[in-house]
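Let's take a friendly walk through this model together. Have the viewer open and follow along.

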Amino acid sequence: MNFSIGNYFRSTFSATRNWEPLGWVFAGMNLIFLVFAVGLAIFLLVESIPIVRLEGFEFWWGEDWWVGETYGALPMIWGSFIVTGLAVILVLPIALSGALFTSEYLSPPFRRRVKGVMELLAGVPGIIYGLLGVSLLTTGIKDAFNLLDGNTLFTAGCLLAIMILPTVLTLSEDALHSVPSEFREAAEGLGLTKLQTAWRVVLPQSLSGIAGAMLLGIGRAMGETIAVMLVIGSLDRVSGFNLFVSGQTIPSKLGREAAEALGSGEHWSALMGLGLTLFLMVAVLTIFGNIFKHWSNR
Amino acid sequence: MVRYKRAWAGLVLGLMLGFPPETFADTGLRIQVVGSTTVLPVASRSAQRFMQSSKARILVNAGGSGVGIHSVAQGHADIGMASREISPNEKIRFEKSDLRTHSVGLDGVACMVSSEVYQAGVRQLTRREIAGIYMGKIRNWKEVGGPDREIVVIDKERHRGTRHVFMQYIFGNALQRTPGTLLVTGSNNEEQAKIAQSDSAIGMLSFAWMNEQVKAVSLQDQGKEFLPTWEAVQQGQYPIVRKLNFITAGEPKRDIKAFIDFVKGPDGQKIVKESGYIPIGGKD
């Protein structure tokens, strides 16, 4: 993590000292990305200043969101946490065992086909999952749990779990598969069974890759808008740990109100504040993920 | 750099070929229509018909009345669709935009319930009962003569035109807060689907969205009963009626004017009727 603007330019210059045009092109492209990332953070920060001035910290603690009067983001923040957490809890065991099986047990040709299907599913856009969720999952969950209505936080969590499963699965599998075969051969030489090899040797070796896969999945789950919007019920309230009631996440709130708020003072600023909150949540998550990666690499 | 020249030339040429010339065409020929999902069927069908005899390209997008009014006031769209009038607040905020309203049809808003509730005997509700349900004081259908089932109270996004006129009638306040709400929906299609999926839902929708699974109840107010029918709207008896509006910033010109005149004209008014609304008598 020895990144700094100075380093960036120094390495750029050293790479391009011999005037390789392509090197400059690469550097330029990289700069574009950096400008976007930093620019986005600054934009969100600047745009959300008015609402923080107006509401102070009440913006994050307030439970009441009524356009034109008060803006309290807690219901959306809480909903995002609950829904993403649920998706992770549901996905982790399935993704891990699925990845282990695909990587360690399947024959190479069969593995390639399974991988193809996973990668295909990982590219399906959110709206498709959303429509499936509306037509099947909401009614299914309503009947299965005998609920008043099927548009709940639980439904959204399940839908997100289904959505991010292929991504997490295929990336975790990549991580497992990239463990050098010498490890497996050595383990076999010591007389370990296949399961013991997979569990005690291969899995610990690929923990950081699996953490990376989970991070990408969580990032997608946290940011998913349309699929969640269609099944969550879109009611702003802090529901405690009751999963079987309607709620709201940050992206679903943004999706519902962004068009109305476009360029309209405090409402727009409040939505930008929500965007900033989500940005920070993902950033904190990424930092923790990286710390975990470093820790597990040692 | 010389050997890259060809590549650059190729890239630029490729980009130019990649975009058909219409992409850069005069913006005057493209009309953006945005807003109410209630007005949308009228606008999109009219646009299709209108484009058969005109060079103008019309793009119709949903978003809700609030979005329609905001978009046109801020110049993101040429015509805003709204299923309500411009609110006093919006009039003050967008004073500079000089918004003009062009009515193209009439519509009634009904209190809709799931067909299961309707079959079980809930055919009419009083204003007070509906208010009680939305305020969370009445929570079970049996309290208003229905089956012993909890009520799934469906509200609409705050800026939706349908919500404005409905809440105005029920509470006398278009922006009434409704603590009894269980679900919040956006477009009419979304709300229709949620009412249909549930077996104990209540909601608000235009007459045009009634179907086998989504039934309109009649309204009772001070001893009088108002049936949710087109005849009642036409005779001026039904209480929740609103105009379907096109909104422009300033007086419309050229193609925009031609399109609005088309919708107001005989062909357009036929489409209004086909879409499930009531035509308006020539002038607004």
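## A helix pair in chain A

We begin inside one chain of this predicted model. Here, helix 4 of chain A makes a right-handed crossing with helix 7 of chain A. To find the pair in your viewer, look for residues 74–104 of chain A for helix 4 and residues 153–177 of chain A for helix 7. Their axes lie 6 Å apart, and the packing angle is about 35°.

What kinds of residues make up this contact between helix 4 and helix 7 of chain A? There are 21 nonpolar residues, along with seven polar and two charged ones.

## Where the chains meet

Now for the interface. On the chain B side, 29 residues are in contact with chain A, where 28 residues take part. Together the two chains bury about 2400 Å², and carbon and sulfur atoms account for 52% of that. Which three residues of chain B supply more of its buried area than any other three? They are B:Arg158, B:Arg177 and B:Gln197, which contribute 26% of the area that chain B buries against chain A.

## Salt bridges and polar contacts

Five salt bridges span the interface of chain B and chain A. A salt bridge to look up is the one joining the side chains of B:Glu157 and A:Arg256, with an N to O distance of 2.8 Å. Between the chains, ten residue pairs are in polar contact.

Several elements of chain B each bring at least two residues to the side touching chain A: helix 3 (65–73), strand 7 (183–185) and helix 8 (188–197). By class, that side of chain B holds eleven polar, nine nonpolar and nine charged residues.

Technical notes: Residues numbered from 1 in each chain as written. Chains lettered and ligands numbered in written order. Predicted model: local features only at pLDDT ≥ 70, side-chain atom pairs only at ≥ 80, totals over all residues. Heavy atoms only, no water. Contact = heavy atoms within 4.5 Å. Buried area = accessible area lost by both parts, 1.4 Å probe. Salt bridge = Lys/Arg side-chain N within 4 Å of Asp/Glu carboxyl O. Polar contact = N/O pair within 3.5 Å; in protein donor to acceptor, adjacent residues only side chain to side chain. Helix = DSSP H or I, 4+ residues; strand = E, 2+ residues; numbered from the N terminus. Nonpolar A, V, L, I, M, F, W, Y, C, P; charged D, E, K, R; others polar. Axes fitted to C-alpha atoms, helices over the stretch in contact; angles between N-to-C directions. Left-handed = near helix turned anticlockwise from the far one by under 90°.
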